[in-house]
Amino acid sequence: MAVTTERELPGFWPVADPAPLGLAAFALTTFVLSGHNASFIPDGIWIGLAIFYGGLVQLLAGMWEFRNRNVFGATAFSTYGGFWLALGAFVVLATTSQGFAGLLKGPDVDNALAWFLIAFAIFNTYMLLWSMRVSLAVMGVFLTLEITEIVLAVGFFNLSHGGSMFILHAGGWCGIVTAGVAWYTSAAGVVNGMSPVPVLPVGAPMIGRVGSRMPRRAEV
C-alpha cells in the first residue's frame, strides 16, 4: 500500500495565519522594552519576554510562515525572533557572566548595542521596501521600526561618548508607536481572519506584484 505524501498532492494543506501571532509577540515585547527606554517601565521585565514571546514565539511564527509559503513573513518573523533571542541572551550574559562581561570595557556595551541596531536597520531597510507589496499596515510597522532602530542607535552612540539619555528616551517613544502599529496590524489579522469580509482596514499595497508568482496568501 503506497503512502500518500503532501508532495504528491496538487496543492498544499493550508494552516492558520501565523502573522497576527508574530505581530502580537513583536508588539508586546517592543512595548515593554520601549517603555523602559522611555523611562516609565522598570528594567529587567522585558528580558523574559524577549526570550520566550518576542523571541521563541515569533521564531515559531516565522517557521509556520515557511509552511504557508510566505517568504516575506517567514523572513521577517524569523529574523526578529532571532533579534529578540540574541538581545535577551546578550543582556543575560553581560549581567551574569564575569567572563563575558570582561570582554566589554568602558563604553563597549553602548557601542555594541548601537552597532547591533544598525545591523538590523540594514535588514529592515530592504524589508521596508518589500513591505510596500504587502499592505499599508505592514509597511507602517517596518517604517516606524526603521525610525526606532536608527534613533536608538544614535542614542546608544551618544551615551558611549558621554551624552545624555534624551535621545534614548526619544527612541523609546518611537518604539511605543511601533508597538501600537504592530498591535493594530495583529488585531486586524485576527478579526479579518474570523470574518468573511474585512473588519479592520489594513490598506492596499502601494506596489503590485508585477511579474510575481507569490500567492496572495502573503498578504496580512
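Helix axes here are lines fitted to C-alpha atoms over the stretch in contact, and the angle between two of them runs from 0 to 180 degrees between N-to-C directions. Keep that in mind as we look at this predicted model, where local features need pLDDT of at least 70, side-chain atom pairs count only at pLDDT 80 or more, and totals for chains, interfaces and linings use all residues. Residues are numbered from 1 along each chain as its sequence is written, and side-chain values use heavy atoms, with hydrogens and water left out.

Let's start with H5 and H6 (helices are DSSP runs of H or I with at least four residues, numbered from the N terminus). Their axes lie 8 Å apart and the helices pack at an angle of about 160°. H5 and H6 are therefore roughly antiparallel to each other (the word applies to angles over 145 degrees). Their crossing is left-handed, as the near helix is turned anticlockwise from the far one by less than a right angle. The residues in this contact split into 19 nonpolar, 5 polar and 3 charged. Nonpolar covers Ala, Val, Leu, Ile, Met, Phe, Trp, Tyr, Cys and Pro; charged covers Asp, Glu, Lys and Arg; the others, Gly among them, are polar.

Now try H2, residues 45-67, and H3: their axes come within 7 Å and cross at roughly 155°. That angle makes H2 roughly antiparallel to H3. The H2 and H3 crossing is left-handed, and the contact residues are 17 nonpolar, 8 polar and 1 charged.

What about the rings? The whole structure holds 15 aromatic pairs (Phe, Tyr or six-membered Trp rings with centres within 6.5 Å; planes under 30 degrees apart are stacked, over 60 edge-to-face, the rest tilted). Phe83 and Phe116 make a tilted pair, 5.2 Å centre to centre with 35° between the planes. Phe83 sits in H3 and Phe116 in H5, so this pair ties together parts 33 residues apart in sequence.

Finally, look for the largest pocket (on a 1 Å grid over the protein atoms alone, an open set of points where a 1.4 Å probe fits, with protein on both sides within 12 Å along at least five of seven lines; lining residues have an atom within 4 Å of a point). The largest pocket is lined by 26 residues, with Leu33, Trp46, Leu87, Leu113 and Phe156 nearest its centre. H3 gives the largest share of that lining, 8 residues.

How values were computed:
Helix = DSSP H or I, 4+ residues; strand = E, 2+ residues; numbered from the N terminus. Parallel < 35°, antiparallel > 145°, perpendicular 65-115°, else oblique.
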